[in-house]
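User: I would like to go through some labels attached to this structure and see what each one rests on. Please set the values against the criteria as you go.

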Amino acid sequence: MKRSMKALVAGTTAVATLALAGGAWAEQMKIGITQNNVGVDSYQTTYEKAFKEAAAANPDVDAVVLDAGGDVARQIAQIQDLVQQNVQAIIVWPTNGKAVVPAVKKAHDAGIPVIITNSNIAEQGMPFIAAFSGPNNIEQGKEAADMMCTGLNGKGDIVQISGKPGYTTAIERQKGFEDELAKACPDVKIMDTQPGDWNREKSQRVMEDFLVKYPQIDGVYAADDNMGVGALNAAKAAGRAKDIKFVGATNFAVGYEAMKKGEYYGSVYQSPIDDAKNALQTAIDVIQGKDVPKMNYFKTPQITEKNMDQFEKPAF
């Protein structure tokens, strides 16, 4: 049985800028998106492809698809450019949840609804967005902590490889994990935390340093499977992988394959294809004046070797 996310229909207080004519839209909805960093990992590459395909399949949508390349200044300029283009909605995958707030506010003040996708905006930016569409990253961190507790039978010493510093997803997944770990299994101790920046090669180097520094490591929590597999590769090269429980999030194909081999303990299942489709549908619903939940979360269930037969191998 394949687990899939349904595009959630709902909406906030955004103003519809297009008029109905004979039951159909009189013109295309021009929707702009500025993404975080398409080339950094396969999740974001797959997301962009799925977004373009979903937009192209909808005759009522005219999409302007941009990529900030991980550059905050470029993303701010892209938001400003989309405002000048007078799009009906702007979707933002923030490079930095705090830094983009002023630009998002300018779009809001110009009467253009902003939908944040995948990684949330900072708290001070919440009044200026129409909706968030994506995973609940705090809950993902908690799910990962629960898997780690189970995998270690409530006791052990672990290390953590976090995402990119300042990035909301990284902050929230780390917080969710640490808070739940302290509550659910206080005898599992985090010895060290270092950022892997969502990059497999950097995470492998981080893990190599951990292996030199700590003669005993019982578990590794990585904020996504791309980094988790980098850590796994380092441990395998050092001959220590069998003694370590690896737990990640955003189940990548490489994590799924490692799990199938019994090398990777658990992750949190999340589809970039449905993530992209949900963001586009949320923007459409907002433009059309439908009621959209402000926090438009989708489910991201735990996946381990025990239940992975319920899930299809990720397409990224």
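**Strands, rings and a buried acid**

Analyst: Strands β7 and β13 (residues 295–298) pair in the parallel sense, with four bridges between them. The model is a predicted one.

User: What makes β7 and β13 a strand pair?

Analyst: Two strands pair if DSSP finds at least two bridges between them. β7 and β13 have four bridges, so the criterion of at least two is met. Gly134 stands opposite Tyr297 in β13, and Pro135 has Phe298 as its bridge partner there.

User: Which strand is joined to β7 by three bridges?

Analyst: Strand β6 (residues 114–117), and the two run parallel. Ile116 has Phe132 in β7 as its bridge partner.

User: How many residues of β7 are buried?

Analyst: Five of the five residues in β7 (residues 131–135) are buried, and the strand is mostly covered. β13 has a covered face with Asn296 and Phe298, and an uncovered one with Met295 and Tyr297.

User: Why is the pair of Tyr43 and Phe316 called edge-to-face?

Analyst: A search of the whole structure finds ten aromatic pairs. In the pair of Tyr43 and Phe316 the ring centres are 5.1 Å apart and the planes are at 90 degrees. Centres have to lie within 6.5 Å for a pair, and planes over 60 degrees apart count as edge-to-face. Both conditions hold, so the pair is edge-to-face.

User: Which parts does the pair of Tyr43 and Phe316 tie together?

Analyst: Tyr43 lies in helix α1 (residues 42–57) and Phe316 in the segment after β14 (302–304), so the pair ties together parts that are 273 residues apart in sequence. Ring pairs also link Tyr43 and Phe316 with Tyr47, Trp93 and Phe252 into a cluster.

User: Why are Tyr43 and Phe316 called buried?

Analyst: Buried means under 20% relative accessible area. Tyr43 has 4% and Phe316 has 11%, so both count as buried.

User: How do you know what kind of pair Tyr167 and Trp198 form?

Analyst: Their centres are 5.6 Å apart, with 75 degrees between the planes. The angle is over 60 degrees, so the pair is edge-to-face. Tyr167 lies in the loop between β8 (156–162) and α5 (168–184), and Trp198 in the loop between β9 (188–195) and α6 (200–213), so the pair ties together parts 31 residues apart in sequence. Tyr167 is buried at 4% relative accessible area, and Trp198 counts as buried at 6%.

User: How do you know that Asp41 has no salt bridge?

Analyst: A salt bridge needs a side-chain nitrogen of Lys or Arg within 4 Å of a carboxyl oxygen of Asp or Glu. For Asp41, the nearest side chain of opposite charge is Arg173, at 8.3 Å, so the cut-off of 4 Å is not met. Asp41 is buried all the same.

User: What does the side chain of Asp41 reach, and what does Asp41 touch?

Analyst: Asp41, in the loop between β3 (29–35) and α1, reaches the backbone nitrogen of Gln44 with its side chain at 2.9 Å. Not counting residues up to four places away in sequence, Asp41 touches Trp198, Asp224, Asn226 and Phe252.

User: Why is Gln124 called partly exposed?

Analyst: Gln124 has a relative accessible area of 43%. Buried is under 20% and exposed is over 50%, with partly exposed in between, so Gln124 is partly exposed. Gln124 sits in the loop between β6 and β7. Leaving aside neighbours within four places in sequence, Gln124 is in contact with Lys98 and Val101.

Methods: Residues are numbered from 1 along each chain as its sequence is written. This is a predicted model: local features need pLDDT of at least 70, side-chain atom pairs count only at pLDDT 80 or more; totals for chains, interfaces and linings use all residues. Side-chain values use heavy atoms; hydrogens and water are left out. Rings of Phe, Tyr and Trp (its six-membered ring) pair if their centres lie within 6.5 Å; planes under 30 degrees apart count as stacked, over 60 as edge-to-face and the rest as tilted. Buried means under 20% relative accessible area, exposed over 50%, partly exposed in between (1.4 Å probe, protein chains only). Lys and Arg count as positive and Asp and Glu as negative; His and the chain ends are not counted. A polar contact is a pair of N or O atoms within 3.5 Å; within protein, one must be able to donate a hydrogen and the other to accept it, and residues adjacent in sequence count only if both atoms are side-chain atoms. Contact means heavy atoms within 4.5 Å.
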